[in-house]
Amino acid sequence: MPHDTPLISTIVGGLVLAFIFGAFAHRLRMPPLVGYLIAGVLVGPHTPGYVADQSLAPELAEIGVILLMFGVGLHFSLKDLLSVRGIALPGAIAQIAFATLLGWGLGAVMGWPTGGSLVFGLALSVASTVVLLKALQERRLVETERGRIAVGWLIVEDLTMVLALVLIPAAASIGGGGHAPVEPLSAGLNHLFGLDLGIGAIIAMTLVKVALFVALMLVFGRKLIPWTMHRIAHAGSRELFRLGVLAIALGVAFGAAKLFGVSLALGAFFAGMVLAESELSHRAAQESLPLRDAFAVLFFVSVGMLFDPNILIDRPLPILATVFIIVIGKSVAAFLLVLAFKKPLGTALTISASLGQIGEFSFILAALGVELGLLPQEGRDLVLAGAIISIVLNPLLFFLCDRMRPLLEGPRREETAADPASAADAGTAQEQAAPEDDDVHPTALTGHAILIGYGRVGRIVGQNLKSSGTPFLVIEDSDKRIGELKAQGVEAFMGNAVARETLDLANLSTARSLAIAIPNAFEACRIAEQARSVNPSILIVARAHSDAEVDELKQYGADTVIMGEREIALGMVDRLAQVHHESVSYEDRQEPATIIPTGTASPERE
Ligand code: AMP
């Protein structure tokens, strides 16, 4: 690999190895991120062979963090954020306090100074944005209530860390505990005002800056950003639109960090949130997806690079204690806190699993602690080892939480768990979201239709089923749509239809038909496959967007597959034919033409 192009070789080396090991991990039925971490260890300085650039990799990873948080912001409105503040704010603060206390205790046992132990504890208290968001996205939980609480919680943690990064150097200089208390902000302020600012003033200054940034975004950004994007969208250049999305995400994040001392992640989150107020947010989210995923992979590679496997042999006990604090201590604390707020058990389990890991902020804090002479080098190594192990264990934690839920909920749930079919399918269900509502009961309907997805397609199907008096129910994973359905008196279940637990609620075995109206064909195949195995005679109608998807869906058991683009074309042909072959004006024929004659149906229809 060329040595004179460190940026290229780091990106290429990181992505290629991550791909190879990620695919390998996937084959072994492990989450791909384990493969990405291993790729990182291999290109890191602690293993022989090629070593990627150690300062570039974490910087590239930051771009992943920015795009991820931007994407989350795009799904969030200010209302969503405020709606979870009642639990996220006290919850996150109490959990940070608890984890810091545990970390401080471990530091004290190891004989570290108090300041160092506190920094260590703080580093263990903050979860990784990337790991948390990836976990939520994989399980399609971002837009659910528990997803929102977890994200709100993360934002409070982020804000606390912004404050901690400013305060630690100041405290070190005041307490005299460190040997290099040079901190840009306080030093700059002292210089500027010619006075020695105390801790109170530094806190106030930081808060003012954060508040100023948020206010600017909410007052001006909220108007300016959607306005700019609308102009670009109307200009008609897709390339410029993509560029605009990236420029806003990265530009706002960077500006927030440089001008206001806000973290890159928070800056990006707010950029996304103000754009979410406009209709274009959906398109913007799509445009940033591929880059986001690629850079998120580099995040894991860069974490892997920091890891020195020798520490596992040299310091097994302290590592065990650190991992225990992160994975068990923090999770149990979060679990109890969420329950104390009278939230359902499923919500408490998801939030505690999401937070049982640490990542990027922890490295920054630990590195700062070492630089200031507060934390011994060993503390930083423990934080790194703890991060890597907790990230690897995180999917397992989600799995355990999914398993624990029926046990904790008692006899009603055990019926579902005892179902041999669902036990056989535990492998697939483990990665998926369970139904959101804790108080759900399977439907009482029989001989009914099951509709999956209530978006542009499902909505029309549902309205037709309703007006024809067909008994039916809907499975949807967006809680906004579920709310809408419930308001209309339609029976609806919240959750990812791929999860066996969700499908079980729909009473598949006695249903007559299943309409899979979701755009993702991979998911649709998994749903069709499960439905067919439970009910061999059910009629399965599915939605596809290419010929390859049609074939795939049929292979997995769909009876009829409607190819969206083909139906659009047929609708157009029909409309054109009416104008060209008959002397009836377009306006006159508008109504009847919206009905596609079944005689012209595509060959995929039977
Ligand atoms: P549209 O593409 O506009 O028809 O929207 C598709 C709808 O299906 C959206 O409302 C999604 O929330 C929903 N959806 C997509 N995938 C799933 C899934 N795996 N389980 C349940 N609902 C889904």
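Let's go straight to the ligand and R481: an oxygen atom of the ligand sits 2.4 Å from an N or O atom in the side chain of R481. Please keep in mind, as we go, that this is a predicted model.

R481 has company. A polar side-chain atom of R543 lies 2.8 Å from an oxygen atom of the ligand. For E523, the partner is a nitrogen atom of the ligand, 3.0 Å from an N or O atom in the E523 side chain. How much of the ligand's accessible area does the protein cover? On its own the ligand has 510 Å² of accessible area, and the protein covers 90% of that.

Now to the shell as a whole. There are 17 residues around the ligand, and the closest are R456, E476, R481, N496 and R543. Sorted by class, the shell has 7 charged residues, along with 5 polar and 5 nonpolar ones.

Next, I'd like to take you to S390. You'll find S390 in helix α18, which runs over residues 377-409. Is S390 buried or exposed? S390 has a relative accessible area of 0%, so it is buried, the cut-off being under 20%. And what does its side chain reach? The S390 side chain reaches the backbone oxygen of A387, at 3.0 Å. Leaving out residues up to four places away in sequence, S390 touches I326, V327, G356, Q357 and I358. If you have the structure open, those five are worth displaying together with S390.

A quick word on cysteines. C401 has 10% relative accessibility and counts as buried, because that value is under 20%. C525, at 5% relative accessibility, counts as buried for that reason too. As for disulfides, the count is 0. Just as a reminder, a disulfide is a covalent bond between the sulfur atoms of two cysteines.

Let me finish by zooming out to the whole protein. How many helices and strands are there? The protein has 28 helices and 6 strands. It has 606 residues, and 50% of them count as buried. Looking at contacts between residues at least 6 apart in sequence, 74% join residues at least 24 apart. On the outside, the accessible surface comes to about 27600 Å², and carbon and sulfur atoms account for 65% of it.

So, to recap the two sites: the ligand has R481, E523 and R543 among its polar partners, and S390 is buried in this model, within helix α18. Thanks, everyone, and I'm happy to take questions!

Terms used: Residues are numbered from 1 along each chain as its sequence is written. This is a predicted model: local features need pLDDT of at least 70, side-chain atom pairs count only at pLDDT 80 or more; totals for chains, interfaces and linings use all residues. Side-chain values use heavy atoms; hydrogens and water are left out. Helices (H or I, at least four residues) and strands (E, at least two) are DSSP runs, numbered from the N terminus. Buried means under 20% relative accessible area, exposed over 50%, partly exposed in between (1.4 Å probe, protein chains only). A polar contact is a pair of N or O atoms within 3.5 Å; within protein, one must be able to donate a hydrogen and the other to accept it, and residues adjacent in sequence count only if both atoms are side-chain atoms. Contact means heavy atoms within 4.5 Å. A residue is near a molecule or strand if one of its heavy atoms lies within 4 Å of it. Accessible areas come from the Shrake-Rupley method with a 1.4 Å probe; for residues, only the protein chains shown count as cover. Ala, Val, Leu, Ile, Met, Phe, Trp, Tyr, Cys and Pro count as nonpolar, Asp, Glu, Lys and Arg as charged, and the others, Gly among them, as polar. A disulfide is a pair of cysteine sulfur atoms within 2.5 Å.
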